[in-house]
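Reader: I am new to this structure and would like to go through its side chains with you. Could you explain, term by term, what stands behind each label?

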Amino acid sequence: MAKLAQGTKYRGSIHDFPDFDPSQDAETLYNAMKGFGSDKEAILELITSRSNRQRQEICQNYKSLYGKDLIADLKYELTGKFERLIVGLMRPPAYSDAKEIKDAISGIGTDEKCLIEILASRTNEQIHQLVAAYKDAYERDLEADVIGDTSGHFQKMLVVLLQGTREEDDVVSEDLVQQDVQDLYEAGELKWGTDEAQFIYILGNRSKQHLRLVFDEYLKTTGKPIEASIRGELSGDFEKLMLAVVKCVRSTPEYFAERLFKAMKGLGTRDNTLIRIMVSRSELDILDVREIFRTKYEKSLYSMIKNDTSGEYKKTLLKLCGGDDDAAGKFFPEAAQVAYQMWELSAVARVEVKGTVRPAGDFNPDTDAKALRKAMKGLGTDEDTIIDIIAHRSNAQRQQIRQTFKSHFGRDLMADLKSELSGDLARLILGLMMPPAHYDAKQLKKAMEGAGTDEKALIEILATRTNAEIRAINEAYKEDYHKSLEDDLSSDTSGLFKRILISLATGNREEGGEDRDRVREDAQEIADTPSGDRSSLETRFMMILCTRSYQHLRRVFQEFVKMTNYDVEHTIKKGMSGDVRDVFVAIVQSVKNKPLFFADKLYKSMKGAGTEEKTLTRIMVSRSEIDLLNIRWEFIEKYDKSLHQAIEGDTSGHFLKALLAVCGGKD
């Protein structure tokens, strides 16, 4: 079992086996491999119920009793992924890491992801043990081998990490924090080119506690997270390494939860990654990894392993996992602390929201109007010119172009565009040409027209708009359709869902900060609903979620975690269903992190077979001048690919070109 720092609670899944008898265990394993075939069940049961320290004793006793090497016998008897997993468990942790790195740099090509994962996540002590184990096992110098197999700034940062000299003092100098923020800012954002040496020195040497404060101050100073600056200033494997360091500084268990999820999502499984992480974290922090996994991905690590693997390999991994967090439909108590910290981050973060479409410099509505007329005159249409003008002008400038177009040519620009363009491109360009409130009003009207109702569109708009935006939508709706939005919502929806939407459509949410006294009262109000009384639960949630300010709700949800040991989103999903559940979840996610809410919607609109073009268009149009840049940052952070890449892979033609122009960058 891993050695614990004083006062630290053990968070591994593997414990020392009571009444341990290494000679008896050695005999059991010998018998399991004797004769024709092997008893794989007996092997995995024994090895996964012994700590690594105990396994080393079994290896020694096996050699003493039978004059044979246990790991060599296991390699001979077992095959494939199961063999790699069992053998990985039999090695001491430092030697297991050494073997992984040796494999990563041996032969043709280098497994940079493996190097990054190990060297970015290990403590000073673990790095020192790794270097010593590598020397002992291969009679080679690890630093020399890494230098021989890598290059550039990537190599330099790996060498810094290999020194294992990161500061470990939790006493932080505020002056040094401010200096590091300034140095990073000047090395990247404020500099023509990038001073990579400053990034390497600060991220490679400062303590985790210090760096967390640096990241917080960097966000306040620059208006963007350090991750966004790294993506903008660095590239390739060096960029990936620095992002991994940042993630591990913020939360090593969260870094591994993300790595595990990516190892199993989609077609195929990255088994080497899965094995390496499950082995290396089983006696360190796998319980923390599990909890964050459950909170972040809304499914348990256990269930994902179960659905993604098979046979003895699966059984062994599940033993290492140590339990199914979905079994009782509840969080671990400690998982609530993860949720609590997420709400704290949401409550204190002050991120400047930025759009991707800004007013054009040297704007001339007369020139633009003439260019658009020329692009639509005669045979054929010049879509490229239309896209280039409309996607690179602010909405206010587009309205000036509309007016100038009518003054010059006596024609309605919107009508001409509608006549000349078609399909997805037409919807996107016409959407960009409409004033925002009128665009939202039209989307709500379309969601309620004809047979059936598009509840997702109603929820997305009404759950995320500010009071001022909602009031403007009401006025635009009345002006364009000569009836009130509330009347149409009343006739097209029903029950509590209708009442929630009407409440949101009034645009009367409180504004300002939290009311400390009322925070606890509100949390108590939604926490005290008797179990099973769903209608009462939903009504109480409506009264609070639809009326309180975002800042106040963040503190209510944080207090709710303290009272109930549940995250409020988890409670809603478990206790409610249908449209009511969906609208409450949308409000909660919007309160927590609105750009992330829209990043998720965009990802889902392009995931799998087919594209939800209407959702994609609606979000790109409506957020282009508000927070689309922030949405881009959240998209790449969560899905490990840029919004630009996702659009490029899922759309085509002029629609693709227009979307990329609105997207505004590759990240």
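Reader: Why is Asp 424 called partly exposed?

Author: Asp 424 has a relative accessible area of 22%, and the scale used here calls a residue buried under 20%, exposed over 50% and partly exposed in between (1.4 Å probe, protein chains only). The value for Asp 424 falls in between, so this residue is partly exposed. This is a predicted model, in which local features need pLDDT of at least 70 and side-chain atom pairs count only at pLDDT 80 or more, whereas totals for chains, interfaces and linings use all residues. Residues are numbered from 1 along each chain as its sequence is written, and side-chain values use heavy atoms, with hydrogens and water left out.

Reader: What makes Arg 427 and Asp 424 a salt bridge?

Author: A salt bridge needs a side-chain nitrogen of Lys or Arg within 4 Å of a carboxyl oxygen of Asp or Glu. Between Arg 427 and Asp 424 the distance from N to O is 2.4 Å, so the pair meets that rule. The two residues are three apart in helix 25 (residues 423-433), and are therefore separated by about one helical turn; a helix here is a DSSP run of H or I with at least four residues, a strand is a run of E with at least two, and both are numbered from the N terminus. Arg 427, at 39% relative accessibility, is partly exposed.

Reader: How do you know that Glu 217 and Lys 220 form a salt bridge?

Author: Their closest N and O atoms are 3.5 Å apart, so the pair passes the cut-off for a salt bridge. Glu 217 and Lys 220 also lie about one helical turn from each other, being three residues apart in helix 13 (residues 208-222). Glu 217 is partly exposed at 21%, whereas Lys 220 counts as exposed at 57%.

Reader: What is the N to O distance in the salt bridge of Arg 398 and Glu 625, and which parts of the chain does the pair link?

Author: The distance is 3.9 Å, so this pair, too, satisfies the salt-bridge rule. It links distant parts of the chain, with Arg 398 in helix 23 (residues 395-409) and Glu 625 in the loop between helix 36 (613-623) and helix 37, 227 residues apart. Arg 398 counts as buried at 1% relative accessibility, while Glu 625 is partly exposed at 35%.

Reader: How many salt bridges does a search of the whole structure find, and which residues are linked in a network?

Author: The search finds 50 salt bridges. Lys 247, Glu 254, Glu 258, Lys 262, Lys 296 and Asp 640 are linked in a network of them.

Reader: Why is the aromatic pair of Phe 597 and Phe 598 called edge-to-face?

Author: Rings of Phe, Tyr and Trp (its six-membered ring) pair if their centres lie within 6.5 Å, and planes under 30 degrees apart count as stacked, over 60 as edge-to-face and the rest as tilted. For Phe 597 and Phe 598 the centres are 5.3 Å apart and the planes stand at 75°, so the rings pair and the angle makes them edge-to-face. Phe 597 is buried at 2%, and Phe 598 is buried at 0%.

Reader: What makes the pair of Phe 635 and Tyr 639 tilted?

Author: The ring centres are 5.3 Å apart and the planes are at 55°, an angle that is neither under 30 nor over 60 degrees, so the pair is tilted. Phe 635 and Tyr 639 are four residues apart in helix 37 (residues 628-639), and are therefore separated by about one helical turn. Phe 635 is buried at 0%, and Tyr 639 is buried at 11%.

Reader: How do you know that Cys 114 is in no disulfide?

Author: A disulfide is a pair of cysteine sulfur atoms within 2.5 Å, and by this rule the count comes to zero. For Cys 114 the nearest cysteine sulfur, that of Cys 248, is 13 Å away, so the cut-off is not met. Cys 114 counts as buried at 1% relative accessibility.
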